[in-house]
Amino acid sequence: MSSCGGRLAGGASIYDEQGLLCDRKIITLATLIGNRYPELGRELGMSEEQMMHIKMIAPDNLQHQVYNMLVAWRARDGQAADMNTLNNALKRLGWISVYTQIPNTPDNFYPVI
């Protein structure tokens, strides 16, 4: 688990001490992405097999599926799994509403259920 280091309100850090996207930010992102997450996963370089495995881990919980996909992306790409890469993928997919919601959603707004 990758906890956010330091500040979270205002100019909060979205990266942990190792420079990895922190869990709190991933939880927030998981709530915004929704059921089209496999498209995003593929855009981020995840394979069909990885996407099927992610769905099998939590078949009845969409938020956990999205969260697990983002965690797998972070685990695979490390510091390269950053907000710039994610934002570029969202733009390529044309998901402008998700892209614009990210900076306006507090990282402690949604719990994982």
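**Exercise 1. Describe the crossing of helix 1 and helix 4: its hand, its angle and the residues that form it.**

Step 1. The crossing of helix 1 and helix 4 is right-handed. A crossing is right-handed if the near helix is turned clockwise from the far one by less than a right angle, and left-handed if anticlockwise. Helices here are DSSP runs of H or I with at least four residues, and strands are runs of E with at least two, numbered from the N terminus. The model is a predicted one, in which local features need pLDDT of at least 70 and side-chain atom pairs count only at pLDDT 80 or more, while totals for chains, interfaces and linings use all residues. Residues are numbered from 1 along each chain as its sequence is written, and side-chain values use heavy atoms, with hydrogens and water left out.

Step 2. The two axes come within 8 Å and cross at roughly 130 degrees. Axes are lines fitted to C-alpha atoms, for helices over the stretch in contact, with angles from 0 to 180 degrees between N-to-C directions.

Step 3. Helix 1 and helix 4 are therefore oblique to each other. Angles under 35 degrees count as roughly parallel, over 145 as roughly antiparallel, 65 to 115 as roughly perpendicular, and the rest as oblique.

Step 4. From helix 1, D23, I26, I27, L29, A30, T31 and I33 meet Q63, V66, Y67, L70, V71 and R74 of helix 4. By class, these are nine nonpolar, two polar and two charged residues. Ala, Val, Leu, Ile, Met, Phe, Trp, Tyr, Cys and Pro count as nonpolar, Asp, Glu, Lys and Arg as charged, and the others, Gly among them, as polar.

**Exercise 2. Find how much of helix 1 is buried, and what the buried residues pack against.**

Step 1. Eight of the 11 residues of helix 1 are buried, where buried means under 20% relative accessible area, exposed over 50%, and partly exposed in between (1.4 Å probe, protein chains only).

Step 2. The buried residues are D23, K25, I26, T28, L29, A30, L32 and I33.

Step 3. They pack against helix 2, helix 4, helix 5 and helix 6 (96–101).

Step 4. Just after helix 1, G34 has a positive phi of about 80 degrees.

**Exercise 3. Place V66 and list its contacts.**

Step 1. V66 lies in helix 4 and is buried, with a relative accessible area of 0%.

Step 2. Setting aside neighbours within four places in sequence, V66 is in contact (heavy atoms within 4.5 Å) with A30, I33, G34 and Y37.

Step 3. V66 and I27 are 39 residues apart in sequence, and their C-alpha atoms are 8.8 Å apart.

**Exercise 4. Name the residues that touch the most other members of the largest nonpolar core, and the helices that supply it.**

Step 1. The core has 26 residues, of which I33, L40 and L86 touch the most other members. A nonpolar core is a set of buried Ala, Val, Leu, Ile, Met, Phe, Trp, Tyr and Cys residues joined through side-chain atoms within 4.5 Å.

Step 2. At least two core residues come from each of helix 1 (23–33), helix 2 (37–43), helix 3 (48–57), helix 4 (62–77) and helix 5 (83–93).

Step 3. Beyond its neighbours within four places in sequence, I33 is in contact with L40, V66, L70, W95 and V98.
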